[in-house]
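This report introduces one protein chain to a reader who has not met it before. It begins with a single helix and then turns to the chain as a whole and the spaces within it.

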Amino acid sequence: MNSYICIHGHFYQPPRENPWLERIEVQDSAYPYHDWNARVHAECYAPNAVSRILDGDGRITSIVNNYEHISFNFGPTLLHWIEKHSPEIYRKIVQADKTSVEQHGGHGNAIAQAYNHMIMPLANRRDKVTQVIWGISSFRHHFNRDPEGMWLPETAVDLETLEILHEHNIRFTLLAPRQAKRMRPLKSPYWCDVSDGSIDTTVPYLVRLPCGGSLAVFFYDGGIAHDVAFGGLLHSGETFARRLFASLPSGRERPPLVTVATDGETYGHHHRFTDMALACALDQVQKNPDVGLTNYGEYLSLFPPLHEVEIVENSSWSCVHGVDRWRADCGCRAGGNQGWNQKWRRTLRESFDWLRFELIRIYTAQASALLKNPWQARDGYIEVIMSRSQAAKKKFLEKHGVQSLSDPERSQSFRLLEMQRNAMLMYTSCGWFFDELSGIESVQVLSYAARAIELAASFTAEPLEQQFIERLQEAKSNIQGMGSGADIYRKFALASRANLKEVAIHFAISSFFEDYQKKNTLGCYTINLRKYEKQQHNGTVVALGMLDASSVVTDEAASFIFAALQQELHDYHCAVKACGAEDAENGSPPTRHVSEEAYQKLADSLFTTMTKKSPSATLKIIDHYLGKDRYTIKDLFKDEQEDLLEIILEGEMEYVGQTLEEIYRKTSFLTALLEEYGHRIPPPLTNAAEVTLKRKLAEALDNPKSTPETMRLLLDEIKRWHISLDNEWLERTLCLRLEREMALVKEQHAISNIAHMNALLAMLFLFPVRLNLWQVQNSYFELLQTCYHDKKNLAAAGDHDAKKWIDEFIRLGDGLFINVESLLATMAAETNGPKSRAGAILKKR
């Protein structure tokens with residue numbers, strides 16, 4: 001092999017979970033997706049696992065897993081999210097690494113990442129160590145091997161961080177060209193200044209560390225990376241490949257390496273559908289007999305460094321001022337908001353540093369009585385985080401606990417460790433990266449700070465939160481009305497708080513529209529429903545129950561009795577009281593349970609009043625037994641609140657739709673006359689027609705018996721009324737219908753299902769929208785791999801039904817813009833051809 005190419009994708013999203021619920025709540029700015037993880041996953045992470053290569057007619061000739069052919073890292077919190085929410089894509093990512101290990105002489109494409117994207121030079125040593133250990137442990141969990149390399153967040157680097165990587169057996173990392181200070185051949189006494197970014201990026205380098213060890217560093221090609229990310233190089237996969245080939249130097253004694261590193265989100269999220277440009281470029285490289293695709297571990301084993309380099313400490317790839325983007329108003333920002341400043345960054349950083357110091361003091365003092373070595377325990381706590389099981393907790397405490405701990409001591413241990421976890425999560429780099437303090441990324445890190453403070457509150461009487469808020473006063477938002485950091489903290493971070501009582505409140509209200517079981521999960525809480533009864537009278541519904549709520553994270557637990565009343569679909573009133581609250585008020589030891597007699601007394605009084613008196617009298621009974629604190633829809637957690645409001649809106653919109661449909665039906669003759677005589681149709685009648693015809697279109701799309709003629713007549717009527725269709729809604733509706741039908745094809749393999757799918761595809765030309773057939777095409781590809789050859793063999797043996805199946809299936813592929821013949825040829829070549837030229841070279845060596 002004359003030369004090599006390695007493309008690296010840094011795939012990362014900041015942790016976005018509500019720190020109290022440990023789940024991501026709906027983010028409106030990500031619409032139509034639930035949250036930004038879901039949106040970027042749909043646009044980037046998933047497409048890169050099943051990326052398309054097209055022919056000149058725009059038909060698919062191959063579907064490839066880009067992760068098999070690039071170096072990549074996934075942020076640990078992001079990959080955990082993908083594992084949970086998209087297991088099929090997760091398996092493809094993990095399998096891609098396994099395949100690359102086989103292809104590249106035991107060296108996988110995946111490398112690790114420091115855990116939650118903390119800017120390492122700005123962290124203290126303890127946090128750096130934990131970030132590296134947690135990143136390595138997460139990597140082992142997912143890829144079942146040790147990592148060779150580690151991505152440093154924002155490639156921010158200092159020598160202490162590199163020493164810690166070395167201490168934990170990391171062989172290499174990646175840096176930007178401007179992060180090199182000077183270099184020299186290993187045996188030369190003469191240094192060459194390369195601080196202007198002129199370092200040769202086609203060879204690896206050795207960094208000698210103060211501890212006496214060393215670490216390899218690859219510097220990526222800054223010019224290509226810039227043009228990939230910002231210069232339009234991904235407009236064409238062929239152009240991208242040509243640029244890579246043109247950058248390969250000739251006449252070298254050792255094969256050079258052209259390496260490119262960018263955010264992985266570049267391939268699909270920042271630039272839509274450019275996963276296909278990447279796939280095309282990789283395909284071009286694989287077809288070149290003189291160039292091999294490799295990864296850093298393999299290349300380093302083949303060609304160890306012949307040069308050493310000194311790095312620019314406290315530098316990064318995304319701030320020309322070093323690491324000031326995460327602590328000062330340095331001028332680096334996302335842009336687009338003239339007149340804004342980022343002076344708030346310094347105050348946020350200094351406030352967090354003060355809080356971190358206070359939390360370290362509390363942790364050291366309190367954890368020493370519970371854990372043998374509090375900081376080693378924190379390093380090992382990642383095993384609990386990744387599992388959240390009682391077995392993992394038990395194993396952890398057996399190893400790190402000072403003795404057999406009581407239940408309260410167990411809970412104290414986990415609260416202290418969670419305090420430390422949130423104290424690290426609050427340093428996630430995105431909190432400072434963007435322009436505005438009230439942005440979702442900055443609010444997120446403020447929420448982690450709020451959670452850490454809350455956890456600390458049970459171990460100290462000091463007013464940490466008050467002092468923290470006072471410090472945040474100096475940070476000022478750029479948006480009028482947002483105020484200071486203190487205002488933003490109160491308005492957004494504290495509004496996210498949830499505790500056991502709030503879980504009980506949420507459960508009580510949502511029990512009117514959720515089908516809860518005896519045992520339930522809500523975020524990171526488990527709920528054991530001990531009693532529940534619901535009665536209805538004259539439109540009023542009353543629910544009464546008892547539950548045990550506990551935190552999977554901290555083992556905190558409490559029992560509650562609740563009552564809730566519903567009058568209208570949107571009118572809820574709820575009261576909740578902790579079991580044992582009266583005992584505490586009377587000075588008695590609190591109990592976790594209410595007696596059967598006391599509960600029955602409340603139930604009899606409540607339901608008797610409901611049937612014999614007014615709703616207001618029923619509420620007074622609730623007040624008498626459970627207190628006067630009332631809770632309503634606004635106290636639901638955000639996702640369930642949105643679900644309930646959608647249920648309410650659905651009912652109201654159905655009523656409005658039926659009303660307008662009746663108006664449309666009654667006035668259709670009149671509107672026809674107005675149109676015929678050239679008169680203007682009144683807007684209310686136009687609105688009635690628009691709502692009615694869109695409803696009819698939605699019903700027709702949902703009806704499997706709808707014909708092309710039905711659709712054509714409806715669309716003609718919509719056009720006659722000059723009604724504009726919402727393309728986003730239409731695309732989503734059509735795609736869901738196609739995916740539903742394709743799921744039946746995949747499940748049943750029946751000729752009739754395939755024929756029906758073909759008929760549905762034949763109707764699509766009627767609609768003025770371009771559909772994303774990605775999921776349907778993936779399903780077709782799976783069927784091609786799993787069913788096609790068996791059916792073809794049966795057809796060749798004379799099976800008439802199998803022949804018909806093949807004909808309909810090929811027709812379906814044509815309708816989905818798939819070049820089936822070419823795809824089958826590609827699959828055959830992949831099955832029979834050599835696995836890897838680079839792997840073959842390794843074997844020779």
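## Helix 22 and its surroundings

Helix 22 is followed by Gly 627, a residue whose phi is positive, near 100 degrees. The model is a predicted one. Helix 22 itself covers residues 615–626, and its 12 residues reach 16 Å from the first C-alpha to the last, close to the 16 Å expected at 1.5 Å a residue.

The buried residues of helix 22 are Ala 617, Thr 618, Leu 619, Ile 621, Ile 622, Asp 623 and Leu 626. An α-helix has 3.6 residues a turn, so residues three or four places apart point the same way. The buried residues of helix 22 pack against helix 21 (596–612) and against three strands: strand 17 (540–551), strand 18 (557–566) and strand 19 (572–578).

## The chain as a whole

The chain contains 32 helices and 19 strands. Its radius of gyration is 31 Å, close to the 28 Å that the globule rule gives for 845 residues, so the chain is as compact as a globular protein of that length. Along the principal axes, its C-alpha atoms fill a box of roughly 95 × 80 × 60 Å. Of the 845 residues, 54% are buried. Among contacts with a separation of 6 or more, 70% are between residues 24 or more positions apart.

## Cavities and a pocket

A search of the whole structure finds 5 cavities of 30 Å³ or more. Two of them are set beside the second largest pocket in the table.

| Space | Volume | Nonpolar, polar and charged lining residues |
|---|---|---|
| Largest cavity | about 80 Å³ | 6, 4 and 2 |
| Second largest cavity | about 60 Å³ | 7, 4 and none |
| Second largest pocket | about 1,100 Å³ | 16, 12 and 6 |

The lining of the largest cavity includes Pro 14, Arg 16, Cys 430 and Tyr 448. Helix 16 gives the most to this lining, with 5 residues.

The second largest cavity is lined by residues including Phe 74, Gln 113 and His 142. Helix 2 (76–85), strand 5 (112–113) and helix 4 (125–143) each supply at least two residues of that lining, and helix 4 gives the most, with 5 residues.

The second largest pocket has 34 lining residues, and those nearest its centre are Phe 230, Asp 263, His 270, Trp 317 and Phe 433. Elements that give two or more residues to this lining include helix 1 (36–45), strand 12 (257–263) and helix 16 (440–457). The largest share, 4 residues, comes from helix 6.

Notes
Residues are numbered from 1 along each chain as its sequence is written. This is a predicted model: local features need pLDDT of at least 70, side-chain atom pairs count only at pLDDT 80 or more; totals for chains, interfaces and linings use all residues. Side-chain values use heavy atoms; hydrogens and water are left out. On a 1 Å grid over the protein atoms alone, a cavity is a set of points where a 1.4 Å probe fits but cannot get out, and a pocket is an open set with protein on both sides within 12 Å along at least five of seven lines; lining residues have an atom within 4 Å of a point. Grid points are joined across faces, edges and corners, and a volume is the space filled by probe spheres set on the points. Ala, Val, Leu, Ile, Met, Phe, Trp, Tyr, Cys and Pro count as nonpolar, Asp, Glu, Lys and Arg as charged, and the others, Gly among them, as polar. The expected span of a helix is 1.5 Å times one less than its number of residues. Buried means under 20% relative accessible area, exposed over 50%, partly exposed in between (1.4 Å probe, protein chains only). Contact means heavy atoms within 4.5 Å. The radius of gyration is taken over C-alpha atoms; the globule rule is 2.2 Å times the number of residues to the power 0.38.
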